Amino acid sequence: MQGANRLWMSLIGVNVIVIGFVAYSAMAPGALTKTMLMPGKTSHGHYQIEMRCDVCHTEGSGIREDACLDCHAEELRRANDTHPSSKFNDPTNAELLSILDAQNCLSCHREHVDEQTLPMGLTMPSDYCYHCHQETLTTRPSHANFAFDSCATAGCHNYHDNRALYENFLNKHADEPDFLDEMVRLTRSTPTPPESKRLTKSNADAPEDWPTDETILDDWASTAHAAAGVNCGDCHSIKDKDAPKSDKNNEPRWSQSVALATCGECHQNEAETFLQGHHGMRLAQDLPAMTPGESRIAMHTDAAHRTLDCNACHSGHRFDTEYASVEACLSCHNDEHSQSFLGTSHHDAWIKELAGEAPRGSGVTCATCHMPRIEDEGGDRFVQHNQNDNLRPNEKMIREVCMNCHGLAFSIDALADSQLVKECFATAPSIHIESVDLARARFEEKQRKKEARLKKK
Amino acid sequence: MKYQTSLSLSLLALLCLLAVSSTGCGGGATASSTPPEPIEPGIPYKKFTDAVHAVMMADRTVYASKVVTRLKKQDAPVTPSEYWEDEDHTIPLPAQMFRMGSELVFENPEAGFTYALKSKWPLNEQNGPKSEFETKALDFLAENPDENFYGEETLGGDKFFVAAYADKAVAEACWSCHNDHGNREDHYPEFAKDDVMGGVIVRVPIK
């Protein structure tokens with residue numbers, strides 16, 4: 001009888017533990033054990049935040065209405081989305097929508113279906129263009145022999161972002177050489193604050209009992225921070241922002257660590273975009289910072305436990321942007337593309353720049369392509385810290401990055417050459433995408449017709 | 001056995017109590033205490049579409065004559081261009097301005113209607129007629145430039161009141177650009193002043 005009681009107690013104990021474990025996983029936001037409740041492996045774009053089910057799901061496993069656009073709306077706006085949902089609000093599209101519901105992100109991008117997920121999180125067969133644009137095969141004789149599922153292959157068309165691929169743009173840049181005579185648009189530059197703001201070591205306002213050593217002070221005094229008048233206290237003296245203003249005890253206190261939000265007070269665009277990419281997306285969802293060890297792409301094992309915050313690449317107190325441009329990346333990333341960079345002419349140009357043998361801004365680093373200098377709506381120049389932004393898809397790099405130094409056709413070919421991408425563009429592209437030629441031929445044909453019409457008049 | 005029966009009865013009573021409490025008994029009383037809103041006289045569909053079309057045309061005319069033409073007359077460094085999004089110092093063409101307004105209304109669920117600029121001779125094939133009604137309407141407007149075309153249409157299971165208004169060539173820039181445009185097909189007509197170039201189609205869902 002006692003044995004039976006013990007058995008019952010053990011069974012109850014096991015049940016309590018199992019139920020408790022499941023309940024914790026289901027209820028606690030961000031619980032690491034949540035993954036065991038997942039219906040399938042998450043996509044490359046979302047795996048970092050997969051333990052925050054509530055970011056995409058309602059209670060009861062429904063899908064939140066704005067789940068996709070909460071994170072991706074701004075990106076689509078900037079891309080001049082060619083197929084925004086509102087485009088299909090014209091009621092005459094009802095029949096087409098019954099074939100392919102283009103107003104629902106999930107029609108093409110389902111989650112937790114790893115076995116059918118293609119690049120860009122696409123989960124439907126790649127013939128989707130054909131459903132609505134069949135007439136192209138007849139109205140464009142040049143397209144008559146193209147495979148009906150080849151429209152969106154690299155270099156031709158994209159569903160959302162065609163900024164570098166539309167006809168007029170292709171035609172306008174058709175004659176560009178592979179290598180432009182000089183770099184255009186935004187190059188590396190350092191702002192020069194007024195000399196009156198410059199601080200020196202003697203101006204450092206850290207408390208006397210604060211553990212500062214000479215190296216830290218030397219490093220700080222040599223940076224743009226000191227040059228722009230940013231003192232120790234501007235980053236290390238913090239107040240509890242949530243405390244009411246009337247709280248007289250909320251005196252600033254000195255902190256050794258500096259939060260992302262503090263950096264973001266001055267570097268707003270950088271901090272915001274950092275949170276949108278794979279480096280910062282966990283922090284954006286109040287999860288612990290990402291570590292290279294949890295990445296799905298190849299990383300150095302000795303970097304496995306680093307945490308990805310501002311300091312990961314911009315270590316204090318030098319905040320060395322040269323280090324952050326190449327060495328910081330390669331100290332974690334260990335895939336073929338990253339490691340091949342050191343053997344490319346892009347890297348050679350960077351070495352020459354560092355050695356002072358080539359003009360400032362003529363070198364090409366990891367950051368040149370993945371974290372380009374861009375302008376915000378107000379015309380302020382900043383470094384894009386969402387390093388995934390121009391990879392979704394990689395044709396986004398064409399205008400933002402490649403065309404600063406290369407012609408359009410060369411850029412399209414290079415990005416469409418998957419082997420060359422692996423080799424980090426070590427050689428010239430070995431494939432040719434016809435889109436520029438087709439656009440040029442079409443514009444020439446139009447011009448011929450126009451002239452013939454004018455002659456008739 | 002007796003114990004089991006009483007347990008079942010207790011559970012049943014508890015369930016009944018839960019069911020009653022979760023139906024929200026107070027709702028009906030609150031609703032009935034609110035006085036019914038006075039019924040406003042409705043605007044006939046035709047009157048509504050005529051009115052919104054008048055506003056659309058007025059806005060586009062002002063943009064074309066007071067902005068675009070004015071800039072041209074002054075030889076201003078800003079010019080209208082089809083590729084205004086990608087070219088510095090350019091502004092949208094009047095037809096593009098009109099289409100952008102239509103897109104904003106498409107995006108606005110509160111608007112209660114939609115409108116679009118369509119043509120039998122579109123420079124962008126996506127702007128051709130997309131339903132039997134639209135084809136019929138554009139044919140009618142081409143034949144009867146001074147009349148409007150009204151009717152009802154069912155699309156995707158929803159019924160709409162549809163009004164179509166002729167869109168005529170009013171400024172030389174409009175027809176000369178369309179006549180010389182690279183996207184025009186060989187069979188398109190040569191437009192001249194006051195020719196019908198397309199139609200504005202306004203739809204109101206019938207509820």
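Start where the two chains meet: select the contact, and you should pick up 19 residues from chain B and 17 residues from chain A (two residues are in contact if their C-beta atoms, placed from the backbone, lie within 7 Å). On chain B's side, α4 (94–107), β3 and β5 each supply at least two residues, and α4(B) gives the most, with three. Colour that side of chain B by class and you get five nonpolar, four polar and ten charged residues. In this colouring, Ala, Val, Leu, Ile, Met, Phe, Trp, Tyr, Cys and Pro count as nonpolar, Asp, Glu, Lys and Arg as charged, and the others, Gly among them, as polar.

Before you click on, a word on the model. It is predicted, so local features need pLDDT of at least 70 and side-chain atom pairs count only at pLDDT 80 or more, while totals for chains, interfaces and linings use all residues. Residues are numbered from 1 along each chain as its sequence is written, and chains are lettered from A and ligands numbered from 1 in the order in which they are written. Helices (H or I, at least four residues) and strands (E, at least two) are DSSP runs, numbered from the N terminus.

**Stop 1: the sheet in chain B**

Show chain B as a cartoon and find the open sheet of four strands, in the order β3-β6-β5-β4, with antiparallel pairing. Two strands pair here if DSSP finds at least two bridges between them. Strands of a sheet pair through backbone hydrogen bonds, either parallel or antiparallel.

Which strands stand at the edges? They are β3 (114–118) and β4 (149–155) of chain B; each has a single partner strand, so one side of each is left without a neighbour in the sheet. Neighbouring strands of this sheet are turned by 25 degrees against each other on average, direction ignored.

Now walk across it:

- β3(B) to β6(B): an antiparallel pair over five bridges. Select Leu117(B), and its bridge partner in β6(B) is Val200(B).
- β6(B) to β5(B): nine bridges, again antiparallel. Tyr165(B) also has Val200(B) as its bridge partner in β6(B).
- β5(B) to β4(B): β5 covers residues 158–168, and the two strands pair in the antiparallel sense over seven bridges. Look for Glu153(B) opposite Phe160(B) in β5(B).

Stay on β6(B) for a moment. Eight of its ten residues are buried, so this strand is largely enclosed by the rest of the structure. (A residue is buried if 20 or more other C-beta atoms lie within 10 Å of its own, exposed if 12 or fewer, and partly exposed in between; C-beta atoms are placed from the backbone.)

**Stop 2: the helices across the sheet**

Select residues 45–73 of chain B. This is helix α3, lying across β3, β4, β5 and β6 and running at about 130 degrees to β6(B). Then take residues 132–143: helix α5(B) lies across those strands too, at about 135 degrees to β6(B). The axes are lines fitted to C-alpha atoms, for helices over the stretch in contact, and angles run from 0 to 180 degrees between N-to-C directions.

Which residues of α5(B) are buried? Show Phe133(B), Glu134(B), Ala137(B), Leu138(B) and Leu141(B). Look down the axis: these buried residues fall within an arc of 125 degrees, so they line one face of the helix (the arc is that of the directions from the helix axis to the C-beta atoms). They pack against β3, β4, β5 and β6 of chain B. Turn to the face away from the buried side and you'll find the exposed residues Glu132(B) and Glu143(B).

**Stop 3: over to chain A**

Switch to chain A, which has 23 helices and four strands. Its C-alpha trace spans about 95 × 80 × 50 Å along its principal axes, and of its 457 residues, 21% count as buried.

Try Pro211(A), in the loop between α7 (167–172) and α8 (214–221). Buried or exposed? Pro211(A) is exposed, with 7 other C-beta atoms within 10 Å.

**Stop 4: backbone oddities**

Most residues other than glycine have a negative phi, and most peptide bonds are trans. Here are some exceptions to click on:

- Gly316(A) to His317(A): a cis peptide bond, with omega near 0 degrees.
- Arg392(A) to Pro393(A): also cis, with omega near -5 degrees.
- His112(A): a positive phi of about 70 degrees. This residue is partly exposed, with 14 C-beta neighbours inside 10 Å.
- His89(B): a positive phi of about 60 degrees, in the loop between β1 (79–80) and β2 (90–91) of chain B.
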